[in-house]
Amino acid sequence: MRALVVRLDSFGDVLLAGPAVRAVAHRAERVALLCGPRGAPAARLLPGVDEVLVWEAPWVGFTPPPVDRGDIDRLVTRLAAARADTALVLTSFHQSPLPAALLLRMAGVPRIAADSVDAPGSLLDVRHRRAPRVHEAEAALDLAGAAGFPRPPGDDGRLRVRHPPGAAELTGPGPYVVVHPGASVAARRWSAERCAQAVRVLTGAGHRVVVTGGPDERELTGFVAGGRGLDLGGRTAPPQLAAVLAGAGAVVAGNTGPAHLAAAVGTPIVSLFSPVVPAERWGPYGVPHVLLGDQVAPCADSRARECPVPGHPCLNGVTAEDVLAAVEKLLEGAP
């Protein structure tokens, strides 16, 4: 059996699909993963993925491309060439799987499964209803099970990635804590000033701090590190970032892809979680964590990209001392 899994949005979303991908791979001879450009680096880290197909959907993301007939025709041709016997369309709780299902059907995929609250007509063979208030990783696993791909025996259902065994050449020897200040949208970010304060407080308490970020976040990571932390901004591709996170005693991060990457390598997380999306669906999964941030703030469940409340109180009410206490709590509980 050849299977196709679809998860079209971000890096973190693709990581959360990992347990479902492993369930599919346990029964399928070959698994292809169709994802967007932002999710592709994560797709290449997932165990069970044999082929990564990259396509930017016009209904996904913050700045989606316009609908282009030729582009869609080329995708349908690529999907037909994959010769999938079955497909799972994984979406967030607020997204529809039906546009992707239509393209899969046009490509001749004979069996398609997805969560859908909308009547799917002839687009779905398995129309699953996700349980309310479940984590996105669990929802994907539930759909896989409904489609005939139960969790494999001995698989704990946690997030998992392939990564290098270590990153001492980047981090240097000895224990450390990672602070990751960035996030894809402003509403999910702790302020740069608070992050820099946390680095000062953590180093003042005797912790070595490594600051991580992408190539476009070098200015941010340099400011946050402030000469006290080790600045790795722009120096870690996803596999190396996974190794850096795996070596940390704890990771301090917002609701962002690297937080899910930290969970995928089993590292405890201090989660600076803005409630613009619910933590029960998007919080750290399967690892010890401390959730910081006002989860009943006025912005809760708004899915806002920019904080709608002056002063960003849901996160800026968190202090550097709160982060230090959370880090030390997690380090004390480490085996």
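This tour proceeds through a predicted model, one selection at a time.

**First stop: the sheet from β1 to β6**

Begin by selecting strands β1 to β6. These 6 strands form an open sheet, and their order across it is β3-β2-β1-β4-β5-β6, with parallel pairing. The edges are held by β3 (51-54) and β6, each of which pairs on one side only. On average, and with direction ignored, neighbouring strands of this sheet are turned by 15° against each other.

Next, select helix α4, residues 69-82. This helix packs on the sheet and touches β1, β2 and β3. The direction of α4 makes about 165° with that of β3.

**Second stop: strand β2 and its partners**

Select β2, which covers residues 30-35. How many of the 6 residues of β2 are buried? The number is 5, so the strand is largely enclosed by the rest of the structure.

Strand β2 pairs with β1 in the parallel sense, over 6 bridges. It also pairs with β3, again in the parallel sense, over 4 bridges. To see individual positions, display C35: R7 stands opposite C35 on one hand, and V54 in β3 is a bridge partner of C35 on the other. Display L33 as well, which stands opposite V52 in β3.

**Third stop: helix α2**

Move to residues 18-27, which form helix α2. Of its 10 residues, 7 are buried, so the helix is largely enclosed by the rest of the structure. The buried residues are G18, P19, A20, V21, R22, A23 and V24. To see what covers them, add β1, α1, β2, β4 (86-89) and α6 (136-146) to the display; these elements are included in the cover.

**Fourth stop: H128 in the edge strand β6**

Return to the sheet and select H128, which is found in strand β6, residues 126-128. Is H128 buried or exposed? Its relative accessibility is 17%, and H128 therefore counts as buried, the cut-off being under 20%.

Now show the side chain of D115. A polar contact of 2.6 Å joins it to the side chain of H128. Leaving aside neighbours within four places in sequence, the residues in contact with H128 are A114, D115, S116, D142, L143 and A146. The last three of these can be sought in helix α6, residues 136-146.

**Fifth stop: the sheet from β7 to β12**

Select strands β7 to β12. Here too is an open sheet of 6 strands with parallel pairing, in the order β9-β8-β7-β10-β11-β12. Its edge strands are β9 (230-231) and β12 (289-292), and each pairs on one side only.

Focus on β11, residues 269-272, which runs parallel to β12 and is joined to it by 4 bridges. Within this pair, S271 stands opposite L291 in β12. Then add helix α14, residues 320-332, which packs on the sheet. The elements it touches there are β7 (177-180), β10 (250-254), β11 and β12. The direction of α14 makes about 165° with that of β12.

**Sixth stop: T221 and T236**

Select T221 in helix α9, residues 218-225. T221 is buried, with a relative accessible area of 1%. Not counting residues up to four places away in sequence, T221 touches P181, V211, T212, G213, D231 and G233. For a sense of distance, display R78 also: T221 and R78 are 143 residues apart in sequence and 40 Å apart in space, C-alpha to C-alpha.

Proceed to T236, in the loop between β9 and α10. This residue is buried too, with a relative accessible area of 13%. With residues up to four places away in sequence not counted, T236 touches L170, G213, L241 and V244. G213 thus appears among the contacts of T221 and among those of T236.

**Last stop: the largest pocket**

Finally, turn to the largest pocket, which has a volume of about 1300 Å³. Which residues lie nearest its centre? They are S10, F11, R38, F62 and S184, out of 49 residues that line the pocket. Select β1 (2-7), α1 (11-16), α10 (238-246) and α11 (257-264) to follow the lining, since each of them supplies at least two of its residues.

How values were computed. Residues are numbered from 1 along each chain as its sequence is written. This is a predicted model: local features need pLDDT of at least 70, side-chain atom pairs count only at pLDDT 80 or more; totals for chains, interfaces and linings use all residues. Side-chain values use heavy atoms; hydrogens and water are left out. Buried means under 20% relative accessible area, exposed over 50%, partly exposed in between (1.4 Å probe, protein chains only). A polar contact is a pair of N or O atoms within 3.5 Å; within protein, one must be able to donate a hydrogen and the other to accept it, and residues adjacent in sequence count only if both atoms are side-chain atoms. Contact means heavy atoms within 4.5 Å. Two strands pair if DSSP finds at least two bridges between them. Axes are lines fitted to C-alpha atoms, for helices over the stretch in contact, and angles run from 0 to 180 degrees between N-to-C directions. On a 1 Å grid over the protein atoms alone, a cavity is a set of points where a 1.4 Å probe fits but cannot get out, and a pocket is an open set with protein on both sides within 12 Å along at least five of seven lines; lining residues have an atom within 4 Å of a point. Grid points are joined across faces, edges and corners, and a volume is the space filled by probe spheres set on the points.
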